[in-house]
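Trainee: Please take a close look at the side-chain contacts here, with the charged and aromatic residues as the main subject. I should also like to learn how enclosed spaces are described.

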Amino acid sequence: MNRQARREVSRKYFSEERLAEHHFRSFNAFLERGMMDVVEEKATIETDIGDKEGEEPVYVELGGVRVETPRVREADGSEELLFPQEARLRNITYSAPVFMEMSIVRGGEEEEEVVVDTAETKVGRMPIMVGSSKCNIAELSDEDLVEIGEDPVDPGGYFIVNGSERVLMTSEDLAPNKILAEYDTKYGDEIQVAKTFSQRRGYRALVLCERNREGLLEVSFPSVSGSVNFVTLVRALGLESDEEIVHRVSDDPEIVKFMLENLEEAEVQTQEQAIEALGKRVAGGQGKNYQLKRANYVIDRYLLPHLHEEGAEEEEVRMNKAYYLCRMAEACFELALQRRDSDDKDHYANKRLKVSGDLMKDLFRTALNKLARDVKYQLERANMRNRNLTVNTVVRSDVLTERLEHPIATGNWVGGRSGVSQLVDRTDYMGVLSHLRRLRSPLSRSQPHFEARDLHATQWGRICPSETPEGPNCGLVKNFAQAMELSQNVEDEQSLKRELASMGVEGIPGIDSVDATPADD
Amino acid sequence: MSEARSPQGCPECDGHLGFEAGETVCTDCGLVVSEYRIDHGPEWRSFADDDRNPARTGAPLTRSRHDRGLSTEIGRSTRIKGRKRRQFARMRRQHNRARISTKRERNQVYAFTEIRRVTSALSLPNHIRDQACSLFESAQNEDLLRGRSLEGFAAACVYAACRVAGVSRSVEEVCDVSKATESEHQAAYGALNRDLGLPVAPADPTEYLPRFATKLGLDSDTERRAREYVADARDEGLVGGKNPCGVAAACLYTAARDRGEDCTQAEAADVADVTPVTLRKTYVALRE
């Protein structure tokens, strides 16, 4: 292509508001599906009503959420559509009311379940991204935009909170649910580690599989201090026989040799023994029954949570976890035998970008939990004082609003991250564009991290090779390449899994198939 | 402190006193008159974020919390483990128990949460919320709560604060989102009005106009016209003794009719929570 043609293509490419496209797509997806997903995860709010004798339990069922377009409520009670410019000038928040269907249900154990009250109520206000599908200026023509005092060439893609424009900084995280094998040193010896950041519904758990200097495998995961023997854990998950464990790890003769060493050292032989041994680790010094209960709870809740599947058999999920652990073991051994190199953390295949929609989803999740706790408290209070339980009188809409606005206004996100939202750089037009297309690595800027700061070959076509700040942030703050396209995760994982199953992938839990083999990440 | 503030001379030699870095020193003989004094000089602090941010330490005092927002909370940390963590959990529990010491305070906490909830449900501004809270406190000081319900008082305080501020909400609107029944509200409001001497005049129908107009989807010209009708009605003596909501709805309805906007009597009456008959009375009177 000659220069002229390239210029033509470039022009066409950027003529359709593609500059902040990644923000819009992400935030729109959050409004359309993300919010509903979060509510469906929560599904109900349980209360302590009914713990006493002769009282029927009460819980709240959460239903559909609906977001209107931004509007402002004046002190005199009138409500009007709000446009971004008015929000900027009056120092107010460009946010839209959120409504949710809730029904209070009483009964369940002895009596029949009765819906006491059901209503769609305003639960709070959601800050709306300028230019997104719920924005009041989304469909306006250039003339109309000028009419209401809006800049027609403004790219949008930011929020307005208390009159200041805040952009949510895209963050570059390590890909979750992937096995990363690497070398590490412990007590001066080189050991091999396979890592997985297992992530599901905002819960993130780091699972480590180490091959220590004796060649024994150890696994560590949250809620267990220290590490657990690999064979014990796999047996607790239901993979009992020596043969099967070895077979699941690898058929390679040298790895088999390593595996047999491990099996020789095994402390337990059956699943029951294994769960007992695990129970001693997670609830040492407690009663036997509690130890078993706790052990089962821990492996179902905290071990590799991303392998959980709605509606799948517990057994199947556990088996899948065992297979996944075997894959991690294999990665360790292959690294030890130098069959493979350690995984490159800076490779862009091992990176995921968290754009505004993902960040808002995290925020909305904690905000909804806070709201749920408040509703629970209000319900218990109302019940204690013998009041009628109605949806309208137990929802405090400022709880959610505050939880959503405050992080955007200050940049202090949930999970202790700070500087997530930044004041839009209005130095000049290019400054705005650059700011909206900036991304930040969560690595500390005070440490060297030379590899992370280097330009990686896989950044080709994705990240601009030259635009990065000087000084401590060099190489940690990056900017998108011109024609970068950001792909999004699949909308419907179930259908993807079904498709994979129909193409011959076996052993996906929740999908009927003949034989069970581990599903890769 | 009083010594340092009064412009006296040195107690020893009547010399000139100088103020420096929190110390009051006689510039003649060098006697340190006072060591601890509040330094009124510029504070040593940089406004890192942006210079419009006046925040110094924490949130400002607010009347809408029983402790004026000056609470201490024992936080959680993932870094401390084991024994220390359990100790903090115990301290947190004891602290939470000790936070509310009297029945009176407990009532206040409950009523203030209820007031917050009602004001947020009605989308009222913060100053109304604060005023409602301080009204509640005065009611408590006057011992009005005895034998009346907390919820009723919470609702009544919000209602009264709105009335006083000239942004009236109808009793029905407040009671709808409140946990109180209408009779509880009435009892509490009666007591408030009687014993605290609230400066409330009968609600002006114009206070309701903007709200009803947006609910009915009428534009601002119609609203302005309705405002004129209200003024006319007041001059003709049609407002006294009538439900101001009904008068407002009737004026809006009349104005909408004049301008040919789509609005039925039933709709207008529904928005104002009155019967169409009430509306019609004023409407007919206005037409005459």
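Mentor: A charge sits over a ring if NZ of Lys or CZ of Arg is within 6 Å of the ring centre and within 35 degrees of the ring normal. The charged end of A:Arg301 is placed in this way over the ring of A:Tyr302, 5.8 Å from its centre. A:Arg66 likewise lies over the face of A:Phe99, with 4.6 Å to the ring centre.

The model is a predicted one, in which local features need pLDDT of at least 70 and side-chain atom pairs count only at pLDDT 80 or more, while totals for chains, interfaces and linings use all residues. Residues are numbered from 1 along each chain as its sequence is written, chains are lettered from A and ligands numbered from 1 in the order in which they are written, and side-chain values use heavy atoms, with hydrogens and water left out.

Rings also meet one another. Over all chains there are 10 aromatic pairs (rings of Phe, Tyr or the six-membered ring of Trp with centres within 6.5 Å; stacked under 30 degrees between planes, edge-to-face over 60, otherwise tilted). In one of them, A:Phe27 and A:Phe30 are tilted, at 5.8 Å centre to centre and 40° between the planes. These two residues are separated by about one helical turn because they are 3 residues apart in helix α2 of chain A (a helix being a DSSP run of H or I, at least four residues, numbered from the N terminus). A:Phe27 has 0% relative accessibility and so counts as buried (under 20% relative accessible area with a 1.4 Å probe and protein chains only; over 50% is exposed, in between partly exposed). A:Phe30, at 3%, is buried as well. Ring pairs join A:Phe27 and A:Phe30 with A:Phe159 and A:Phe364 in a cluster.

Helix α2 (residues 21-42) of chain A also supplies 3 residues to the lining of the largest cavity, the largest share. This cavity (points on a 1 Å grid where a 1.4 Å probe fits but cannot get out, lined by residues with an atom within 4 Å of a point) has A:Glu21, A:His22 and A:Arg25 among its lining residues. Its volume is about 90 Å³ (the space filled by probe spheres set on the points, which are joined across faces, edges and corners). The lining divides into 3 nonpolar, 1 polar and 5 charged residues (charged being Asp, Glu, Lys and Arg; nonpolar Ala, Val, Leu, Ile, Met, Phe, Trp, Tyr, Cys and Pro; polar the others). The whole structure has 3 cavities of 30 Å³ or more.

Charged residues also pair directly, in 42 salt bridges over all chains (a side-chain nitrogen of Lys or Arg within 4 Å of a carboxyl oxygen of Asp or Glu). A:Glu86 and A:Arg90 form one, with their closest N and O atoms 2.8 Å apart. A:Glu86 is partly exposed at 27%, and A:Arg90 is partly exposed at 38%. Another joins A:Lys376 to A:Glu380 at 3.6 Å, N to O; both residues lie in helix α11 (residues 356-384) of chain A, 4 residues apart. In chain B, B:Glu114 and B:Arg117 form a salt bridge with a closest N and O distance of 3.1 Å, and both residues are buried. Salt bridges with shared partners also link A:Glu41, A:Lys354, A:Asp362, A:Arg365 and A:Arg417 into one network.

Technical notes:
1 Å grid on protein atoms, 1.4 Å probe; cavity = no way out; pocket = protein on both sides within 12 Å on 5 of 7 lines; lining within 4 Å.
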